[in-house]
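Welcome! Here are some short exercises to help you find your way around a protein model. Try each task yourself before you read the worked solution.

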Amino acid sequence: MSRFLSASRAGIKPYVPGEQPRGEKLIKLNTNEAPYAPPQSVIDALSGASLNLYCDPLGLELRQALAEYHGVAPEHISLGNGSDDNLALLYTSFFDTAAPIAFPDVTYGLYPVLAALYNVPFTEIPLRNDLTVNVDDYVNAPQNVILANPNAPTGIALPISEIERIVVANPDRLVVIDEAYADFWGESAIPLTMKYGNIIVVRTYSKSRFLAGARLGYVVAPAELIGDIEAVRFSINPYNVTSPTLLAGREALRNNEYFHVRWTEIAATRDRTISALRERGFEATDSKSNFIFAKYPKIHGPELLQKLRARGILVRNLGPDRIRPWLRITVGTPEQMDALLAAIDAVIDN
Ligand SMILES: *Cc1c(COP(=O)(O)O)cnc(C)c1O
């Protein structure tokens, strides 16, 4: 730490992203990327940008297309450099000591990191023993709420009617729903943003639009809240989404058919792999996302991760202690999942 680091940042513990291997040939199932490239027309769109000019700070064309896709008005959408950027914007727009937040003890690791960075008091509400969210905990909580739905890294989803119950219970606080994986499930809280003034839905192109490297996310919320977010965004970085990415994001929406087919394939591969893992004595959640959350009772999570890595398969093992026995495994191609199962068989037989 340098002597210049702001006192308010002393002791920050940054988020640690999943490993991006360099050189080593590994089957990469650790950061929930898609195993497929986006359609060629999306890749081609990137080179259509006029790079000498600034990108459109309003991202109007893409917002218009997203609005049509989701059946909302463009004033209900704002764009960001991935969901992480949008989450940071939400924190600095809406949360502080007077507006604390609550989220599950097992959820996306960036939520507590951002809270510490922005000095937002936070409460971690324990999931039930079966790793499901107890909705009543949030119905009764006095704080603003952040829930990933499906949750990460459990993959377990709450019905939208249960989300609505939390939104309705307390109109004086915000409910943020992080839908990074919602496309793999097919349900969304976005319609609630037309009905209530206190719900914000966060979406990303990283997982279900196969564009993690392009960095694109969007927020769907009542127009008044989008106005606040846009004011803050224009105060930090009005050009947070590059012009190639704006074009790729627009083109991806012209290829919905391609993505829908892939989502169905990924869900089928996931369910087949979950069954195969259960047959081998694993415990696995009922994941609705593009990853599997599973544990093998006889080998602790970190140890199993190392054994799989030695056999060329990279998966993820995340804190807190409560879920250390578990592995989060991205759903890859059917061939990659076969390789995973073969590696697991070899580890178990030893
Ligand atoms: C991957 C992920 C994000 C971050 O997505 P980016 O758009 O790549 O920043 C946010 N929330 C959850 C729950 C995620 O799994």
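Helices (H or I, at least four residues) and strands (E, at least two) are DSSP runs, numbered from the N terminus. You are looking at a predicted model, in which local features need pLDDT of at least 70, side-chain atom pairs count only at pLDDT 80 or more, and totals for chains, interfaces and linings use all residues. Residues are numbered from 1 along each chain as its sequence is written, and side-chain values use heavy atoms, with hydrogens and water left out.

**Exercise 1. Find the surroundings of the ligand.**

Task: work out which helix gives the most to the shell around the ligand.

Step 1. Collect the residues near the ligand, where near means that a heavy atom of the residue lies within 4 Å of it. They are Gly82, Ser83, Asp84, Tyr108, Asp178, Ala180, Tyr181, Thr204, Ser206, Lys207 and Arg215.

Step 2. Look for the helix in that list: α3 (residues 82–94) gives the most, with three residues.

Step 3. Sort the shell by type. Ala, Val, Leu, Ile, Met, Phe, Trp, Tyr, Cys and Pro count as nonpolar, Asp, Glu, Lys and Arg as charged, and the others, Gly among them, as polar. The shell then divides into three nonpolar, four polar and four charged residues.

**Exercise 2. Follow the polar contacts.**

Task: find which atoms of serine 83, aspartate 84 and lysine 207 lie by an oxygen atom of the ligand.

Step 1. Apply the cut-off: a polar contact is a pair of N or O atoms within 3.5 Å; within protein, one must be able to donate a hydrogen and the other to accept it, and residues adjacent in sequence count only if both atoms are side-chain atoms.

Step 2. Check the backbone. Serine 83 has a backbone N or O atom 2.6 Å from a ligand oxygen, and for aspartate 84 a backbone N or O atom lies at 3.0 Å from a ligand oxygen.

Step 3. Check the side chain: a polar atom in that of lysine 207 is 3.0 Å from an oxygen atom of the ligand.

**Exercise 3. Place strand β7.**

Task: decide whether β7 is mostly covered or uncovered, and name its partner strands.

Step 1. Use the burial scale: buried means under 20% relative accessible area, exposed over 50%, and partly exposed in between (1.4 Å probe, protein chains only). In β7 (residues 199–204), six of six residues are buried.

Step 2. Compare the faces. Ile199, Val201 and Arg203 are buried on one side, and Ile200, Val202 and Thr204 on the other.

Step 3. Find the partners; two strands pair if DSSP finds at least two bridges between them. Strand β6 (residues 175–178) runs parallel to β7, over four bridges, with isoleucine 177 bridged to valine 201. Strand β8 (residues 217–220) pairs with β7 in the antiparallel sense, also over four bridges, and there valine 202 stands opposite valine 219.

**Exercise 4. Spot unusual backbone geometry.**

Task: which peptide bonds to proline 150 and proline 153 are cis, and what is phi in arginine 215?

Step 1. Read omega. The bond from asparagine 149 to proline 150 is cis, with omega near -5°, and the bond from alanine 152 to proline 153 is cis, with omega near 5°. Proline 150 sits in the loop between β5 (144–148) and α6 (160–169), and proline 153 lies in the loop between β5 and α6.

Step 2. Read phi. Arginine 215 has a positive phi near 60° although it is not glycine. Arginine 215 belongs to the loop between β7 and β8 and is partly exposed, at 27% relative accessible area.
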